[in-house]
Amino acid sequence: MTSPILVTGGTGTLGRHVVPLLRASGHDVRILTRHPRPATDGVEYVTGDLLKGEGVETAVDGVETVLHLAGGPKGDDEATRTLVRAASPAGVRHLVHISVVGADRVPLAWMRTKLESERAVAGSGIPWTILRAAQFHDLALTVVEKMTKLPVFPVPGGLRLQPVDSREVAARLADLTLGAPAGLVPDLTGPRVHDLAALARPYLRHSGRRRPMLPVRIPGKAGRAYRAGANLTLEGAEAGKRTWEEFLAEKLG
């Protein structure tokens, strides 16, 4: 009997796609979650909190592979260090981590926590795999929806995105989790590069709305980084196939 695969963040956007893929491969899955849940077929839940350091030792006990998806607006680096401290003495043999394109290039505090998380994984002494992915279509939709509530739609000059479908990221992560440790693998991006106006227009058409668009400038080092495309991977990345327009058509009917 093989040991279960531990998935942190297994109930989130990405986790909900990855877990069924791991189950379909014949593996049992253990999910670390902050809220108690009853076990289901082949999936058990361990209650714990990476930021508080609660339940982590129990979650990694008897596990050889960990897929670390859990993340939030802050504290990702400390959460990852907590996981690593528990996983290393527990005999984990493969630690897979999802990061973000541009983690080492965009000077934002959140990006720094993602980079520090990568460093914690790479320095853990555990064989590892890290995949950097572009923003999910789901996140791009949330941004567009919020900006559409404003009377004027702000368009940051020079900001471009490569939104990727979360299901394609999940499929790639499942393959990596079931494979051998591979280090830092090629980035995964969406099939096209869009500015925010290009993302907004089809959404506005689908929703039957109109908004005037106002160019704005992102100030400081972050603005310069985005205008230079530091959040993009234009060469050497693997590209998903599902487009933003296809995603919207499914979401909005």
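**Briefing: cores and overall form**

Leu-14 touches Leu-69, Ile-98, Phe-136, Ser-166, Val-169, Ala-170 and Leu-173, leaving aside residues up to four places away in sequence; contact means heavy atoms within 4.5 Å. A second, separate core of 24 residues includes Val-106, Leu-196, Ala-197 and Tyr-226. The model is predicted: local features need pLDDT of at least 70 and side-chain atom pairs pLDDT 80 or more, while totals for chains, interfaces and linings use all residues. Residues are numbered from 1 along each chain, and side-chain values use heavy atoms, without hydrogens and water.

**Largest nonpolar core**
- The largest nonpolar core (buried Ala, Val, Leu, Ile, Met, Phe, Trp, Tyr and Cys joined through side-chain atoms within 4.5 Å) has 26 residues, of which Leu-14, Val-169 and Leu-173 touch the most other members.
- At least two residues of this core come from each of strand 1 (5-8), helix 1 (15-24), strand 2 (29-33), strand 5 (94-100), strand 6 (128-133) and helix 6 (166-178).
- Helix 6 gives the most, with 5 residues.

**Fold and dimensions**
- The chain has 9 helices and 13 strands, taken as DSSP runs (H or I, at least four residues; E, at least two).
- The radius of gyration, over C-alpha atoms, is 19 Å, close to the 18 Å of the globule rule for 253 residues, so the chain is as compact as a globular protein of that length. The rule is 2.2 Å times the number of residues to the power 0.38.
- The C-alpha trace spans about 60 × 40 × 35 Å along its principal axes.

**Burial**
- Buried residues (under 20% relative accessible area, 1.4 Å probe, protein chains only) make up 49% of the 253 residues.

Key:
Buried < 20%, exposed > 50% of the residue type's maximum accessible area, 1.4 Å probe, protein only.
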